[in-house]
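This report describes one protein chain, part by part. Please look over the sequence and the structure before reading on.

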Amino acid sequence: MFKNNSAKENLAVMYLRLSKEDSEKTESNSISNQREIINSYARKNQIPIVKEYVDDGYSGANFDRPHFKKMIKAAYDRKFNTIIVKDLSRFGRDYIEAGKYIQRIFPENGIRFISVNDNYDSKSADINDTHLILLIKNFINDSYYRDISNKVKSSQKIKREKGDFISAFAPYGYKKSEENKNKLVVDEQAAINIKNIFDMKLLGYSSKAIADELNHLGVLTPRKYKESQGFKCNGFQNTKGGTWSVKTVNRIIENEVYIGNTLQGKSVTLSYKNKKQIEKEKEEWIRVEDTHEAIISKEVFTIANTILKRDLNNSRGKDKIDIFIGMLFCKECGSSLIRRTVKYKKKRRDILYLFKGQQGKILHKTQHKRRNLDKSSI
């Protein structure tokens, strides 16, 4: 509820909103156009505007918008008593939430609501206007947004199936073509690091050893590299300090983009009102082969990923690569065999162990009995 202290008489604020979908269609919904219409109305009706709240680039499908929240808080603090918008669609396209504010919250708390182009003023509107006309208009606005959302999704699906790259940022090692923003071209500067990562993997380096080597050489991480090129992006999350990690290396080795394939549509939003991303099953991804120039051959990619599945910490040290790593397997169960050096009574001997699963569980070859040991403790 609003605070009980008296509202400031005849003080109004204007609320302006523009989403990406709106801005692509016409100039009639631009922020400047909305401001001009509201100011003109206020002058004619002698309503003083004390502040404006602007949410530029925010969808009307929900009310989770920063300046809208600030406006409502100011209303709770009784800093004004009137809200003016260009039309109902600028206020919001969710007809249930919009109706809740206009029909219940604002009237109960003495807030006057004006929608200029809809010729609606809660101060003079009768009960039929409020409960019938506004309900219909808000429902139309909600349906319009749902229709636009479905059309955008359909258009994106067609582009993905054609192999057009539609993500905001090109993957590390590539950049968007200047002639066609939906096509990837090789970024020669970053591609060198991609080739080095695959080369080291084929030489037997673990992903941790690769990450350590890249950090030692001072190679910029994918994110830091993008930022150095002037991009503001959130892709390729790295640890604090911008260092290479096992996760970052593995993501590169597993990414088919480097053999010329495009994989898109890996997630989907819950609904046109809820933008939360839900991961899709790998079988549902849209995969198109040979859409752009490859950095890595398919043979190298296959071998590197085969080794990655058997990626183990090298007990002999980074500078001594075991030539049999990922090559030896148990005849009985097919698990990878690894060598560990054991010290007993000042003597050292090499023992083959079975490596089972991604959690680093170790099985002794002779006993086949699971031990509660992980790779880092051996």
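## Confidence in the model

Over residues 355–378 the pLDDT stays under 50, and for this stretch the model has 50 contacts beyond four places in sequence. The model is a predicted one, and pLDDT is the predictor's confidence in each residue, from 0 to 100.

For the protein chain, the mean pLDDT is 78, and 67% of the residues reach 70 or more. Confidence is lowest in strand β15 (residues 370–371), with a mean of 37, and highest in strand β3 (residues 82–85), at 96. Residues 313–319 also have a pLDDT below 50; this stretch has 12 contacts in the model beyond near neighbours in sequence.

## The chain as a whole

The protein chain contains 11 helices and 15 strands. Of its 378 residues, 42% are buried. Its accessible surface comes to about 22400 Å², and carbon and sulfur atoms account for 49% of that.

Among the contacts in the protein chain with a separation of 6 or more, 59% are between residues 24 or more positions apart.

## Two nonpolar cores

In soluble globular proteins, nonpolar side chains tend to be buried together. The largest nonpolar core in this model has 29 residues, and Y172, W244 and Y258 have the most contacts inside it. Two or more residues each are given to this core by β7 (184–186), α7 (188–202), α8 (207–217), α10 (246–254) and α11 (298–309). The largest share, 6 residues, comes from α7.

Which residues does W244 contact, leaving aside its neighbours within four places in sequence? They are Y172, I197, A211, L214, N215, V219, L220, T221, P222, V249 and I252. Apart from the largest core lies another core, of 22 residues, including Y53, F68, M71 and L88.

## How α7 meets α10

Helices α7 and α10 both give residues to the largest core. Their axes come within 10 Å and cross at roughly 95°. Angles of 65 to 115 degrees count as roughly perpendicular, so α7 is roughly perpendicular to α10.

On the α7 side, the contact is made by I194, I197, F198 and K201. On the α10 side, it is made by V249, I252 and I253. Three of these names, I197, V249 and I252, also appear among the contacts of W244.

Definitions and conventions: Residues are numbered from 1 along each chain as its sequence is written. This is a predicted model: local features need pLDDT of at least 70, side-chain atom pairs count only at pLDDT 80 or more; totals for chains, interfaces and linings use all residues. Side-chain values use heavy atoms; hydrogens and water are left out. Helices (H or I, at least four residues) and strands (E, at least two) are DSSP runs, numbered from the N terminus. Buried means under 20% relative accessible area, exposed over 50%, partly exposed in between (1.4 Å probe, protein chains only). Contact means heavy atoms within 4.5 Å. Accessible areas come from the Shrake-Rupley method with a 1.4 Å probe; for residues, only the protein chains shown count as cover. A nonpolar core is a set of buried Ala, Val, Leu, Ile, Met, Phe, Trp, Tyr and Cys residues joined through side-chain atoms within 4.5 Å. Axes are lines fitted to C-alpha atoms, for helices over the stretch in contact, and angles run from 0 to 180 degrees between N-to-C directions. Angles under 35 degrees count as roughly parallel, over 145 as roughly antiparallel, 65 to 115 as roughly perpendicular and the rest as oblique.
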